[in-house]
Amino acid sequence: MKILASFCLFAALTGACCVPANADEIARLDLGGAWKLAKEGDSARIAATVPGCVHLDLLAAGKIPDPFYRDNETAVQWVGESSWTYTRSFEVAPELLAKQHVLLRCEGLDTLATVKLNGSELGRTDNMFRTYEFDLKPSLKAGVNQIEIKFDSVVPFVAAKEKQRSIPTWAYPGAGYVRKTPCNFGWDWGPTLITSGIWKPIGIVAFDKSRLDDVLILQNHSSGNVTLAIQATAAPMIDGKLKTTVSFNSNEIGSGVAAFEGGKATVDIAIADPQLWWPAGMGKQPLYTVKVDLLDDAGNVLDSTTKRIGLRVMHVTQQTKDAPMQMVVNGVPFFAKGANWIPSDSFAPRVTKDKLRRYVADAVATNMNVIRFWGGGFYEEDDLYDACDEMGICVWQDFKFACSTYPSFDKAFLDNVKLEARDNLKRLRHHPCIAVWCGNNEIMFMRNPKEWTKTQMSEADYNRLFRDALGGEVRRWAPQSDYVTGSPDCGDVHFWEVWHGGKPFEAYHGIHGFVSEFGFQAFPQPKSIAQFTDAADRKLPNSPIINYHERGTRMYLGVKDDGSKCTDKIITTIEQYFRKPKDTECTWWLSQIVQGYGIKTGAERWRQEMPKSSGCVYWQFNDCWPAVSWSSVDYYGRWKALQYMAQKFYAPVLVSGMVDAKAGTVKVYLTSDCLQDRKGTLTWTITDAAGKALSDGSLKLYIPARTSRQVQSIEKVSKASLVWLKVDIDGKTVSDNLVTLSRPKDVNLVDPRLSADVVEKEGAFVVTLRAEHPALYAWLDLVGLDARYSQNFLHVTKDSPAEIEVRPATPLSKVEFEKALRVRSLYDTYSH
């Protein structure tokens with residue numbers, strides 16, 4: 001058997017067969033679509049869809065219950081413990097078979113696979129993150145062919161490895177021995193659903209002379225000028241030419257041709273009037289298209305590829321004694337505002353392009369500029385990076401290692417990891433959104449200076465994997481990218497003393513730097529809870545089934561814990577900061593308010609003290625299944641209160657306060673991420689809990705670009721008062737805030753007498769909220785219906801009504817909308 005390394009650039013396979021106009025050009029045959037699937041030892045076969053996975057095929061065939069509903073996860077554990085075989089037949093034309101090189105290209109096999117064609121073994125795989133190619137010439141025939149891919153369960157494999165030599169882990173024992181999605185085995189926010197299957201495209205690629213092995217695009221920025229160096233490698237080597245064309249806004253702006261020598265060629269193209277790519281909030285995201293053609297001596301196109309790039313220089317400076325870790329783009333340091341990304345579904349093939357784009361749009365809508373792609377998932381599809389390129393979200397890209405030691409003492413394992421890194425670096429390196437590559441998540445805490453122990457790996461083996469192997473691959477394949485060995489190994493901060501340590505939210509005030517992990521959990525929306533429970537499960541806020549979907553104290557299903565410790569912690573914290581909720585549904589809503597309150601406490605303080613602090617990336621953005629978790633957007637895409645609050649605490653211009661309750665003072669800070677200086681007006685009003693004005697003031701302000709400073713100190717403020725802050729620029733309010741000198745539970749709110757006026761507007765509705773008295777954390781909801789809200793969980797006063805645009809998921813008349821509309825505030829959640 002013979003496995004060929006996947007050096008080529010291969011476009012996504014579309015259509016059953018791609019027949020080139022030029023006889024020398026590459027031909028492709030897509031093998032995706034309908035397959036058959038059978039469990040080992042079972043003659044019965046079911047329909048399967050490729051790309052896909054075993055769980056999804058069994059679910060579609062009605063062979064298993066929905067693993068996300070109630071506690072069905074326990075009923076499907078046998079799926080991951082079993083071995084499975086995919087089969088299909090396909091026809092090959094004599095013209096394709098006649099090509100000199102005919103390869104089976106597998107872009108993702110999960111994970112321990114044996115591949116056979118017409119009964120002959122082609123090879124075996126052991127890494128779901130790699131692309132494999134197999135030589136088909138000895139086994140392929142014209143006409144009908146039969147392909148079979150058997151997937152052995154990884155469960156006995158990791159158990160045997162762990163028995164042979166146990167490696168320390170915080171997660172599933174032995175999982176570090178196999179290269180597959182770590183959180184497949186379970187995590188403290190996700191289920192144990194160990195997948196297998198053909199999870200990415202598969203097909204045949206055939207050619208005669210040569211193809212593109214590699215295309216690397218380097219950028220040289222100097223004195224406002226940009227030159228691209230497009231380096232290509234062809235294999236097998238030929239005496240052909242490399243033709244490169246650069247386009248912007250569909251117009252060709254440069255081209256060049258170079259001869260291949262020794263299988264390599266480089267074309268340099270100067271970009272006239274280069275338009276730089278900027279993160280969201282700092283500028284635009286212009287994208288250039290680079291088309292690369294491999295030509296033979298006669299000028300025939302043998303192979304081609306296109307890449308979209310952004311012109312930018314991105315760096316991450318690591319922490320020094322005098323400065324925190326810092327992201328810098330085009331020479332401009334910026335404060336990182338964002339969240340941590342986990343897989344958006346436990347079953348990766350189910351994730352759609354639209355879903356990924358919606359998440360990125362959600363990030364932009366909340367003024368984020370960074371998402372950290374955490375190390376316990378999988379390398380995401382290009383669709384996600386494309387969306388980040390287009391919308392200006394910078395990506396902190398972890399390699400897929402997290403919370404476990406790994407057998408870097410094994411040369412074969414290291415070699416496998418290097419090939420994994422190579423494949424993904426070559427696929428992703430051209431995306432302008434990628435700000436930094438990172439070796440791992442939190443494994444620095446499992447590092448021993450001398451030797452392996454029961455809880456740690458040796459520093460030598462840590463460095464062998466994360467400094468030398470992965471760092472070396474980044475230097476080789478993405479030489480203009482920054483790399484750090486791990487997080488928080490590079491000067492960033494993971495601060496978990498609030499959630500895990502029980503400290504109050506105010507503990508965030510004592511932390512400084514680039515905070516890349518911190519968080520607090522909340523229940524999802526009642527609509528979401530209804531989707532994974534039955535009615536009896538919803539009588540208590542933390543019923544056994546709801547607790548089952550809380551994984552904060554168990555990293556995998558085998559850990560004996562019912563989740564109640566975490567839901568109890570949420571409820572206890574609610575009552576530490578807010579009053580006791582009056583019923584189950586109010587408990588769920590209040591958990592979201594307290595989550596947002598806590599994250600806001602940290603985010604505002606770190607923005608106040610920039611540049612002493614340089615980043616706030618909370619844990620976590622999304623969910624992989626319906627859960628009680630740290631997410632700000634739940635599995636079904638519904639925003640929690642935190643996501644709405646982030647719109648304000650991540651705003652480009654932020655007014656915020658730092659309280660000294662004993663002294664009765666509020667220090668007012670003004671923070672600007674803008675690249676230009678601005679002028680504005682600060683206004684403050686002090687009221688009692690009923691909204692009666694006690695004092696006010698205003699101040700004309702000069703707002704320097706990219707700075708934060710204290711601009712005012714408000715004295716003699718009572719603990720019972722509400723301090724309302726607002727900043728206007730050019731007559732428009734750009735930031736507003738509420739500061740209290742006591743916790744919200746100590747504010748004696750009165751009935752705000754909220755009202756809502758509804759105006760229909762082009763498929764949406766504009767709801768104007770008014771209140772006779774302060775309505776804190778006022779929010780809208782449509783009973784039984786989904787909608788997108790322009791803002792929510794905001795404060796409304798008699799002098800400051802709020803407009804919220806609501807766009808229902810399904811068309812509604814105004815009468816239907818008003819009937820479904822529900823308006824509430826913090827006052828409505830209390831028992832009083």
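This report walks through some backbone oddities, buried residues, cysteines, a pocket and cavities of a predicted model.

## Unusual spots in the backbone

A good place to begin is the backbone. Most peptide bonds are trans, and most residues other than glycine have a negative phi. Against that background, four places in this model are worth a look.

Two of them are cis peptide bonds. One joins Met-610 and Pro-611, with omega about 10 degrees. Pro-611 sits in the loop between α12 (584–608) and β34 (615–618). The other cis bond runs from Trp-619 to Gln-620, where omega is near 5 degrees. Gln-620 belongs to the loop between β34 and α13 (641–649).

The other two places are residues with a positive phi that are not glycine. Asn-330 has a phi near 50 degrees, and you can find Asn-330 in the loop between β23 (326–329) and β24 (332–334). For Phe-793, phi is about 55 degrees, and this residue lies in the loop between β45 (787–789) and β46 (794–796). Are these two loop residues buried or exposed? Asn-330 counts as buried because its relative accessibility is 18%, under the 20% cut-off. Phe-793 is also buried, with a relative accessible area of 6%.

## A buried serine and a covered helix

Next, let us turn to Ser-656, in strand β35 (residues 653–660). Ser-656 has 0% relative accessibility and so counts as buried. Which side chain does Ser-656 meet in a polar contact? The partner is Gln-608, and the contact is 2.9 Å. Setting aside neighbours within four places in sequence, the residues in contact with Ser-656 include Glu-604, Gln-608, Lys-667 and Val-668. Tyr-669, Leu-725 and Asn-737 are also among the contacts of Ser-656.

Strand β35 appears again around helix α13. That helix is mostly covered, with 8 of its 9 residues buried. Among the buried ones are Ala-641, Leu-642, Tyr-644, Met-645 and Phe-649. What covers the buried residues of α13? The cover includes the helices α5 (353–365) and α12, along with β34, β35, β44 (775–782) and β45.

## Cysteines without disulfides

How many disulfides does the model have? The count comes to 0. Two cysteines help to show why. The closest cysteine sulfur to that of Cys-433 is in Cys-388, 5.0 Å away, so the pair is too far apart for a bond. For Cys-616, the closest cysteine sulfur is in Cys-394, at 15 Å, which is again too far for a bond. Cys-433 is buried, with a relative accessible area of 0%. Cys-616 is buried too, with a relative accessible area of 0%.

## The second largest pocket

Now for the open spaces. The second largest pocket holds about 1100 Å³ of space. It is lined by 39 residues, and those closest to its centre are Lys-648, Lys-726, Thr-733, Asp-736 and Ser-800. The elements that give two or more residues to this lining are α13, β37 (678–687), β40 (722–729), β41 (732–740) and β46. Which element gives the most to the lining of the second largest pocket? That is β41, with 7 residues. By class, the lining of this pocket divides into 16 nonpolar, 15 polar and 8 charged residues.

## Enclosed cavities

The model also has closed spaces: a search of the whole structure finds 5 cavities of 30 Å³ or more. The table sets out two of them.

| Cavity | Volume | Lining residues | Lining by class |
|---|---|---|---|
| Largest cavity | about 150 Å³ | 21 residues | 13 nonpolar, 6 polar, 2 charged residues |
| Second largest cavity | about 80 Å³ | 13 residues | 8 nonpolar, 3 polar, 2 charged residues |

To find the largest cavity in the structure, look for Asn-184, Thr-195, Ser-346, Phe-347 and Ala-348, which lie nearest its centre. For the second largest cavity, the residues closest to the centre are Ala-175, Gly-176, Pro-182, Ser-404 and Tyr-406.

Conventions:
Residues numbered from 1 in each chain as written. Predicted model: local features only at pLDDT ≥ 70, side-chain atom pairs only at ≥ 80, totals over all residues. Heavy atoms only, no water. Helix = DSSP H or I, 4+ residues; strand = E, 2+ residues; numbered from the N terminus. Buried < 20%, exposed > 50% of the residue type's maximum accessible area, 1.4 Å probe, protein only. Polar contact = N/O pair within 3.5 Å; in protein donor to acceptor, adjacent residues only side chain to side chain. Contact = heavy atoms within 4.5 Å. Disulfide = S-S within 2.5 Å. 1 Å grid on protein atoms, 1.4 Å probe; cavity = no way out; pocket = protein on both sides within 12 Å on 5 of 7 lines; lining within 4 Å. Points joined across faces, edges and corners; volume = space filled by probe spheres on them. Nonpolar A, V, L, I, M, F, W, Y, C, P; charged D, E, K, R; others polar.
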